[in-house]
Amino acid sequence: MTRLVFLGPPGAGKGTQARLLAAELHVPQIATGDMLREAVAAQTALGLEARRYMDAGALVPDDVVVGLIAERLAQPDARRGFILDGFPRTLAQAEGLERLLKDLGQGLDRVIFFSVSEPELLRRLTGRRVCPTCGSTFHLAFAPPKAGDRCDRCGSALVQRKDDREETVRARLAVYATQTVPLLDYYRDRHLLSTVSGEGDVAAVGRAIRNLVGRPA
Ligand code: ADP
Ligand code: ADP
Ligand code: ZN
């Protein structure tokens, strides 16, 4: 199973798990949030447009993200499979993805929903720190960097994402509840949905996912 979607609220641990499993499966981790943040940093036209939505905790328009995914899935490295992390997030995006995959003669193998309670999401998001250089993710309490406030991998100074401040976090959780939760039924109806508890430690969640995708942990 190599065509996977990781679905779940912000802070559920999708990015952490996608990075590990993608390396193991030798498929790309395709994270729309990372792609959009790169566009913002590069100050492209797309980045300038996307930034307004991201800073407010709102979703970037569907046609923009579906366009990004269409380009990304057409790259040769995505031919053998992928882990979509943070996409789709609306019904329109899920329908767009279905069309894109159909045109490529592909289909999804599984959609993995990460179930995590709201108090835990708040703890995870407000304590999250990221490396602006290599994209590694840490947590002040749950996954602390070894050297104070520097990235374990590359030594850059870690930062807090602007949208991880508490006011914006609340807006993002509300957006998730209204716009993304309907995808659970969409994928359940298509017999693609599996749920894992995202509440255990990183290794335990990783084992639950590997059991589902048929890989020994
Ligand atoms: P998402 O991609 O779903 O938004 P992340 O993978 O960025 O989530 O994780 C959010 C925060 O929670 C990060 O600071 C990360 O280090 C931490 N985290 C991830 N998985 C776990 C876990 N199983 N237990 C505790 N903290 C975790
Ligand atoms: P998290 O997993 O913590 O919610 P992401 O990095 O996935 O964070 O997303 C950060 C922001 O980027 C979102 O709040 C939204 O503004 C934008 N974004 C990412 N993915 C999408 C998407 N599929 N559709 C619309 N907006 C998106
Ligand atoms: Zn780094």
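The following paragraphs describe the zinc site and the surroundings of two further ligands in a predicted model.

The zinc ion (ligand 3) is coordinated through the SG atoms of Cys131, Cys134, Cys151 and Cys154, at 2.3 Å. The angles subtended by the four donor atoms run from 99 to 119°, which makes the arrangement around the zinc ion tetrahedral, since four donors are counted in this way if all angles lie between 85 and 135 degrees. For comparison, the ideal angle for four tetrahedral donors is 109.5 degrees. Along the sequence, the donor residues follow the spacing C-x2-C-x16-C-x2-C. Cys134 is placed in the loop between strand 5 (128-130) and strand 6 (137-139), and Cys151 in the loop between strand 6 and helix 7 (166-180), so that this pair ties together parts that are 17 residues apart in sequence. As for solvent exposure, Cys134 has a relative accessibility of 25% and therefore counts as partly exposed, whereas Cys151, with a relative accessible area of 5%, is buried.

Ligand 1 is surrounded by 18 residues, of which Gly11, Lys14, Thr16, Arg128 and Phe138 come nearest. Polar contacts to oxygen atoms of this ligand involve both side chains and backbone: an N or O atom in the side chain of Lys14 is 2.8 Å from an oxygen atom of ligand 1, a polar side-chain atom of Arg128 lies 2.7 Å from an oxygen atom of the ligand, and a polar backbone atom of Phe138 is found at 2.8 Å from an oxygen atom of ligand 1. On its own, ligand 1 has 560 Å² of accessible area, and the protein covers 91% of it. Helix 1 (14-25) and strand 6 are the elements that give two or more residues to the shell around ligand 1. By class, this shell divides into seven nonpolar, seven polar and four charged residues.

Around ligand 2 there are 19 residues, the closest being Thr32, Ala58, Arg89, Arg128 and Arg172. A nitrogen atom of ligand 2 is 2.8 Å from an N or O atom in the side chain of Thr32, while oxygen atoms of the ligand are approached by arginine side chains, with an N or O atom of Arg161 at 3.0 Å and a polar atom of Arg172 at 2.5 Å. Taken alone, ligand 2 exposes 550 Å², of which the protein buries 96%. Helix 2 (residues 32-41) supplies the largest share of the shell around ligand 2, namely four residues, and the shell comprises eight nonpolar, four polar and seven charged residues.

Terms used: Residues are numbered from 1 along each chain as its sequence is written. Chains are lettered from A and ligands numbered from 1 in the order in which they are written. This is a predicted model: local features need pLDDT of at least 70, side-chain atom pairs count only at pLDDT 80 or more; totals for chains, interfaces and linings use all residues. Side-chain values use heavy atoms; hydrogens and water are left out. Donors are N, O and S atoms within 2.8 Å of the metal (3.2 Å for Na, K and Ca); water is not among the atoms, so sites may look incomplete. Four donors count as tetrahedral if all angles lie between 85 and 135 degrees; four count as square planar and six as octahedral if opposite donors are over 155 degrees apart and all others between 65 and 115; anything else is irregular. Buried means under 20% relative accessible area, exposed over 50%, partly exposed in between (1.4 Å probe, protein chains only). A residue is near a molecule or strand if one of its heavy atoms lies within 4 Å of it. A polar contact is a pair of N or O atoms within 3.5 Å; within protein, one must be able to donate a hydrogen and the other to accept it, and residues adjacent in sequence count only if both atoms are side-chain atoms. Accessible areas come from the Shrake-Rupley method with a 1.4 Å probe; for residues, only the protein chains shown count as cover. Ala, Val, Leu, Ile, Met, Phe, Trp, Tyr, Cys and Pro count as nonpolar, Asp, Glu, Lys and Arg as charged, and the others, Gly among them, as polar.
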